[in-house]
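Here is a walk through a two-chain model, written for someone who would rather look at the residues than at the statistics. Keep the viewer open and follow along.

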Amino acid sequence: MATKTISPTRMELTRLKARLKTARRGHKLLKDKRDELMRQFLEIVRGCRELREHVEAGLSSANQALAAASSVMGGADVKQALLFPMRTVQTDMSVRNIMSVNVPIYDFKTEKTDALYPYGFAQTSGELDAAMDKLSDVFSDLLQLAQTEKTVQLLASEIEKTRRRVNALEYVMIPEMETSIKYITQKLEENDRSTKVRLMKVKEMVLENK
Amino acid sequence: MYKIGVIGSSDTVLGFRALGLNTFAADTEDEARRTLREITAEGGGYAIIYIEEHLHTALAKDIAEFADKITPAIIAVPGRGGSTGKSLRSLEDAVLRAVGSNIF
């Protein structure tokens, strides 16, 4: 226990009181930060869940369409048709600051041509076109999903950290300092009383000897 | 400008390749790990890496390294075999970690 090592002096008492004040203020601030982070987090996470379900449904239907195309055209031909993409996709990233947590915002761009189908229509079937359409439909949601899921991850770890700090202050640091302060005040009062008693005793003895 | 990568079995990445993403076929766990290391190395320039669900599970430790960094975002996507529901569960885990209880 920290109280054992503390010297019961007035200077130590002033120091501890100042520290307690800082700790209380820090605790209040961190608590506010945690609450606000939590509010933002819950807002984002609700949307994220829906988005995730939406994307998974979209991808599975695209995959089914691709499987249908494979069965019509044969797997090797599908591979051959898709092997050389007509365009490249890149993304711009800007940073948004949520309560001092930096989260990414993506903005994707397709380069070269906007042509989606990297193949001629002669050797391919309509099923493949349908599969590509579905895939490109779901793609912007997929990007949105990356953004929200990353945000959720970053916020979750920040909330965890903040909550740990709040709890450490609330349940360890602050009570510890309070007991130390109490210990010092009591010790000082005790010293005062013993000095007073000694003085009274001395005075009595001096008077008797006269 | 940042690049977008996809790691998955060769069947899964096929469609994404046609969309214009940078795809990396990886049929085994080791292959996927090596690819991930390569493209996340310094100056890789990837902002988002989509990775097939079963590989995402297998590489959980490697992926955890990037959890606190802003790039790259490593996101699990269902493969050709369909969704396993694992990603939704990991979302719930994140909520559980942050909030302390499951609110869904």
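## Starting from one buried residue

Ile4(B) is buried, with 27 other C-beta atoms within 10 Å. That count clears the bar, because a residue is called buried once 20 or more other C-beta atoms lie within 10 Å of its own. Bear in mind that this is a predicted model. You'll find Ile4(B) in strand S1 of chain B.

So who sits around this residue? Setting aside residues up to four places away in sequence, Ile4(B) touches Leu21(B), Asn22(B), Ala47(B) and Ile48(B), and it also touches Val89(A) and Thr91(A) from the other chain. Gly45(B) is another one to look up: 41 residues separate Ile4(B) from Gly45(B) in sequence, yet their C-alpha atoms are 8.7 Å apart in space.

## Strand to strand across the chains

Now follow that strand over to chain A. S1(A) and strand S1 of chain B (residues 2–8) are joined by two bridges and run antiparallel. On the chain A side, Thr91(A) has Tyr2(B) as its bridge partner, and Gln90(A) stands opposite Lys3(B).

Is S1(A) largely buried or largely in the open? Just one of its 10 residues is buried, so the strand lies largely in the open. Ile98(A) belongs to strand S1 of chain A too. This isoleucine counts as partly exposed because it has 16 C-beta neighbours inside 10 Å. Leaving out neighbours within four places in sequence, Ile98(A) is in contact with Gln40(A), Val103(A) and Leu155(A). Ser7(A) is a different story: Ile98(A) and Ser7(A) are 91 residues apart in sequence and 44 Å apart in space, C-alpha to C-alpha.

## The wider interface

Zoom out to the whole contact, which takes 44 residues from chain A and 33 residues from chain B. On chain A, the elements giving two or more residues to the side that touches chain B are helix H1 (10–73), helix H2 (75–82), strand S1 (89–98), strand S2 (101–110) and helix H3 (126–209). H3(A) gives the most, with 16 residues. By type, that side of chain A divides into 25 nonpolar, 10 polar and nine charged residues.

Helix H2 of chain A deserves a stop of its own. Val78(A), Ala81(A) and Leu82(A) are buried in H2(A). Looking down the axis of H2(A), the buried residues fall within an arc of 90 degrees, so they line one face of the helix. An α-helix has 3.6 residues a turn, so residues three or four places apart point the same way. The buried residues of H2(A) pack against H1 and H3 of chain A, together with helix H1 (10–19) of chain B.

## Two chains, two builds

Chain A has three helices and two strands, arranged along the sequence as α-α-β-β-α. Its C-alpha trace spans about 130 × 30 × 25 Å along the principal axes. A compact globule of 210 residues would have a radius of gyration near 17 Å, but chain A has 35 Å. Buried residues make up 25% of chain A. Among contacts in chain A with a separation of 6 or more, 84% are between residues 24 or more positions apart.

Chain B has five helices and four strands, and reads β-α-β-α-β-α-α-β-α along the sequence. What does its radius of gyration come to? Chain B has 14 Å, which agrees with the value near 13 Å for a compact globule of 104 residues. The C-alpha trace of chain B spans about 40 × 30 × 25 Å along its principal axes, and 43% of the residues of chain B count as buried. Of the contacts in chain B between residues at least 6 apart in sequence, 56% join residues at least 24 apart.

## How far to trust it

The model scores ipTM 0.85 and pTM 0.81. For chain B the mean pLDDT is 83, and 95% of its residues reach 70 or more. Which elements of chain B have the lowest and highest mean pLDDT? Helix H5 (residues 86–99) has the lowest, at 79, and strand S3 (residues 46–52) the highest, at 89. Where pLDDT is low, the predicted coordinates should not be read in detail.

Key
Residues numbered from 1 in each chain as written. Chains lettered and ligands numbered in written order. Predicted model: local features only at pLDDT ≥ 70, side-chain atom pairs only at ≥ 80, totals over all residues. pLDDT = per-residue confidence, 0-100. Contact = placed C-beta atoms within 7 Å. Nonpolar A, V, L, I, M, F, W, Y, C, P; charged D, E, K, R; others polar. Pairing = 2+ DSSP bridges. Buried ≥ 20, exposed ≤ 12 C-beta atoms within 10 Å, placed from the backbone. Arc of directions from axis to C-beta. Rg over C-alpha atoms; globule rule 2.2 N^0.38 Å.
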